[in-house]
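Reader: I should like to learn how local and long-range features are read from a model of this kind. Please proceed feature by feature.

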Amino acid sequence: MAGYVGVVVDPWLQSQFTQVELRSLKAKYNSVKREYGHVTVRDLPPVMAKVKSIKDVITKDEISSALEESYPDTGQEIDFEQFLRECLNVQAKAAGKLGGTKNSSSFLKASTTTLLHTINESEKSSYVGHINAYLRNDPYLKTYLPIDPASNEIFNLVKDGVLLCKLINVAVPGTIDERAINTKRVLNPWERNENHTLCLNSAKAIGCTVVNIGTQDLAEGTPHLVLGLISQVVKIQLLADLNLKKMPQLVELVDDGKDIEELLNLPPEKMLLKWMNFHLQKAGYKKPVTNFSSDLKDGEAYAHLLNVLAPEHCSLDSLDVKDPTERAKLVLDQAEKMDCKRYLNPSDIVEGSANLNLAFVAQVFHQRNGLSTDSNKKITFAEMIPEEVQASREERAFRMWINSLGISTFVNCVFEDVRNGWVLLEVLDKISPGSVNWKHTSKPPIKMPFRKVENCNQVVRLGKQLKLSLVNVAGHDIVQGNKKLILAYLWQLMRFNIMQLLKSLRFHSQGKEMTDTDILNWANRKVKSSGRTSGIDSFKDKSISSGIFFLELLSSVEPRVVNWNLVTKGGNADEKRLNATYIISVARKLGCSVFLLPEDIMEVNPKMILVFTASIMCWSLQQASEESEISEISTDDSSSLKAPSDGDDASSVATDSVSNLLLDDAASDTSQVENISSIGEDDMASVAPTKG
């Protein structure tokens with residue numbers, strides 16, 4: 001595997017961009033330079049127009065005008081660092097045009113801007129306290145914990161990748177097979193990079209948005225990126241049980257069957273708000289809480305909530321205090337009696353810290369939710385939830401895949417969130433750039449039903465242009481939430497993406513379409529080329545359930561990635577599960593963003609087996625592409641690169657290039673790799689769904 005190659009520029013510029021962004025911009029700059037022999041001012045607008053923070057905000061003409069302010073002579077040659085400075089200038093103009101940066105109330109969708117790298121000290125202290133509480137007894141980490149919340153030690157401790165991997169497993173137990181984590185006290189660069197790659201791919205698998213975060217950023221402990229990732233993982237942990245399936249008592253929040261159906265698809269954050277308003281209404285509090293920021297600044301809602309949940313500990317005396325900060329202090333003093341003070345201090349309430357307020361309310365919910373435990377009501381509700389295990393697996397896979405693409409909309413529930421057509425249009429624009437006619441679309445919120453149908457009609461029309469099988473399918477089927485159709489459509493969309501990517505990476509394909517047989521033959525040849533004897537006849541081959549074939553395949557593309565001392569024979573169910581969980585973590589450690597579950601390997605789900613094999617094939621083929629690109633970059637500007645050395649960050653290049661890049665260029669090889677590596681677990685065949 002190729003060593004890690006970093007782009008080195010002026011220190012100030014280095015601080016303004018992540019390595020993912022720098023390598024992406026460097027590749028674009030060199031592409032222009034190779035085409036014309038040099039890069040001039042007039043060459044820059046088409047490149048800058050693809051930058052996410054600029055796209056759809058400033059036109060190419062406006063970019064040209066901005067550049068002419070600094071460079072009246074548009075024929076003047078521009079070096080790479082000048083190019084980076086102008087990118088920052090144009091980004092600033094774009095931000096100004098939008099009226100400044102807007103803070104989202106949700107840190108699950110928080111973007112990692114390169115213009116402002118501020119660190120919220122209160123949030124840092126709260127998350128460090130969370131880590132100390134949940135990981136202080138970990139056999140490996142107990143030597144380093146507790147961390148001083150007032151220090152920056154957390155950013156040093158994450159540099160080997162172990163803490164972040166462990167934190168992900170606390171949030172969603174079993175996500176990472178801890179046997180795959182490199183936990184030696186002294187790790188070489190390749191082992192550290194493996195941990196970071198495993199961390200990022202696992203974070204994506206549990207629903208984190210890791211746009212513009214690369215392995216090198218974690219290795220350097222870049223504060224704003226590390227804190228942003230930790231905040232997402234903590235939120236996922238705190239909101240994990242806020243759904244009807246895990247906590248049927250939440251049915252008390254609604255009255256009839258229709259409301260229950262809506263509640264079933266409610267995002268966790270909105271579920272928490274609904275729960276809070278349910279109790280506030282019982283307490284006689286008249287103002288509805290619609291967010292975790294401004295609506296909570298005066299502390300009144302907290303006073304009523306704690307009083308109705310724990311009247312023996314919490315009174316309404318704080319409402320008599322006029323000073324908001326003093327009132328907030330009294331509220332938290334009462335909350336401490338419920339062991340709920342960990343995430344918040346008075347200034348966080350007064351200043352409206354959305355992240356920490358959400359964490360605090362979630363903790364109150366876990367400590368005392370105040371809901372009924374009426375068994376009859378729970379049993380009645382349990383009978384209403386259909387047993388759709390496979391559909392649930394598929395929904396999960398598609399949700400994670402879509403969120404990993406870097407589209408602007410975050411998907412909480414596929415079946416609900418795609419019904420207005422907008423998310424599907426965003427996905428189509430990612431995997432088939434330029435295909436969507438945005439002038440004929442309606443952006444959410446969409447009040448008029450026919451506008452949703454128009455969006456979905458274009459979704460169906462574009463699907464047919466991509467030669468997806470959509471017999472008797474119309475836009476209103478998606479609007480009505482036809483689950484079978486939605487799953488079938490998304491599967492075909494992903495499969496199209498897989499085959500196009502593999503075709504583009506397989507240079508000797510000579511333009512021929514990729515087939516399932518090509519992928520099967522590649523996997524068998526790869527295993528045999530490493531001296532192994534196992535093979536499979538098809539993606540339904542029952543021998544796959546032992547896990548041995550996949551372990552040999554992974555070992556053949558990177559011999560160092562599999563520790564054979566941890567592998568079982570796969571002779572019984574327990575051994576198969578051990579191998580399957582290890583396989584998934586090893587693949588993520590290698591650089592494959594996979595969303596299949598151990599059950600898919602153990603049960604030999606042919607659709608998911610094909611997808612997983614294609615993901616490994618994609619990663620393997622990408623290595624040749626990366627090595628070629630690295631060579632070209634080195635030739636173009638060797639002074640801007642760190643020379644690779646033996647044992648350096650082995651898969652960083654591949655991993656970072658399949659992250660969602662600063663450039664919104666889904667047609668590039670690296671962006672397509674993200675699409676295929678993030679594949680889900682749906683129907684493999686070309687499906688022709690019917691209405692209903």
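Reader: Where is Lys467 placed?

Author: Lys467 sits in the loop between H22 and helix H23 (475-479). The model is a predicted one, and the backbone angles discussed here are computed from it. Phi of Lys467 is near 70°, a positive value in a residue other than glycine.

Reader: Is Lys467 buried or exposed, and how is that decided?

Author: A residue counts as exposed when its relative accessible area is over 50%. Lys467 has a relative accessible area of 74%, and is therefore exposed.

Reader: Which residue other than Lys467 in the loop between H22 and H23 deserves a similar reading?

Author: Asn472 lies in that loop between H22 and H23. Its phi is positive, about 60°, although Asn472 is not a glycine. Asn472 is also exposed, because its relative accessible area is 55%.

Reader: What is the phi of Gly207, and which helix comes before it?

Author: Gly207 follows H9, and its phi is positive, near 110°.

Reader: How does one check the length of helix H9 against its geometry?

Author: The expected span is 1.5 Å times one less than the number of residues. Helix H9 (residues 189-205) has 17 residues and should therefore span 24 Å; the C-alpha atoms at its ends are 24 Å apart, which agrees. At the start of H9, a side-chain oxygen of Asn188 comes to within 3.0 Å of the backbone nitrogen of Trp190. As for its surroundings, H9 is mostly covered, with 15 of its 17 residues buried.

Reader: What does the equivalent check give for helix H11?

Author: Helix H11 (residues 223-238) has 16 residues, so at 1.5 Å a residue the expected span is 22 Å; its end C-alpha atoms are 22 Å apart, in agreement. Because 14 of the 16 residues of H11 are buried, the helix is largely enclosed by the rest of the structure.

Reader: How should the packing of two helices, such as H21 and H22, be described?

Author: One gives the angle and separation of the axes, then the handedness, then the residues in contact. Helix H21 (residues 422-431) and helix H22 (residues 449-465) pack at an angle of about 35°, and their axes are 9 Å apart. The crossing of H21 and H22 is left-handed. Trp422, Leu424, Leu425 and Leu428 of H21 make the contact with Asn455, Gln458, Val459 and Leu462 of H22. By class, the residues of this contact of H21 with H22 are six nonpolar, two polar and no charged.

Reader: Why might contact residues recur at intervals of three or four along a helix?

Author: An α-helix has 3.6 residues a turn, so residues three or four places apart point the same way.

Reader: At what angle do helix H13 and helix H17 cross?

Author: The axes of helix H13 (residues 268-282) and helix H17 (residues 354-367) cross at roughly 65° and come within 11 Å. This crossing of H13 and H17 is left-handed. On the H13 side, Glu269, Leu272, Trp275 and Met276 meet Leu358, Val361, Ala362, Val364 and Phe365 of H17. The contact of H13 with H17 comprises eight nonpolar, no polar and one charged residues.

Reader: Which peptide bonds in the model are cis, for example at Pro146 and Pro445?

Author: An omega close to zero marks the cis form in both cases cited here. The bond from Leu145 to Pro146 is cis, with omega near 5°, and Pro146 is placed in the loop between helix H6 (121-135) and helix H7 (153-157). The bond from Pro444 to Pro445 is likewise cis, with omega near 0°, and Pro445 is found in the loop between H21 and H22.

Reader: Which residues does Ile349 touch?

Author: Ile349 lies in helix H16 (residues 346-351). Its relative accessible area is 0%, so Ile349 is buried. Setting aside residues up to four places away in sequence, Ile349 touches Leu296, Lys297, Gly299, Tyr302, Ala328, Leu332, Leu344 and Asn357. The C-alpha atoms of Ile349 and Gly299 are separated by 6.9 Å, while the two residues are 50 residues apart along the chain.

Reader: How many helices and strands does the protein have?

Author: The secondary structure comes to 31 helices and zero strands. Of the 692 residues in the protein, 56% are buried.

Technical notes: Residues are numbered from 1 along each chain as its sequence is written. This is a predicted model: local features need pLDDT of at least 70, side-chain atom pairs count only at pLDDT 80 or more; totals for chains, interfaces and linings use all residues. Side-chain values use heavy atoms; hydrogens and water are left out. Helices (H or I, at least four residues) and strands (E, at least two) are DSSP runs, numbered from the N terminus. Buried means under 20% relative accessible area, exposed over 50%, partly exposed in between (1.4 Å probe, protein chains only). A polar contact is a pair of N or O atoms within 3.5 Å; within protein, one must be able to donate a hydrogen and the other to accept it, and residues adjacent in sequence count only if both atoms are side-chain atoms. Axes are lines fitted to C-alpha atoms, for helices over the stretch in contact, and angles run from 0 to 180 degrees between N-to-C directions. A crossing is left-handed if the near helix is turned anticlockwise from the far one by less than a right angle, and right-handed if clockwise. Contact means heavy atoms within 4.5 Å. Ala, Val, Leu, Ile, Met, Phe, Trp, Tyr, Cys and Pro count as nonpolar, Asp, Glu, Lys and Arg as charged, and the others, Gly among them, as polar.
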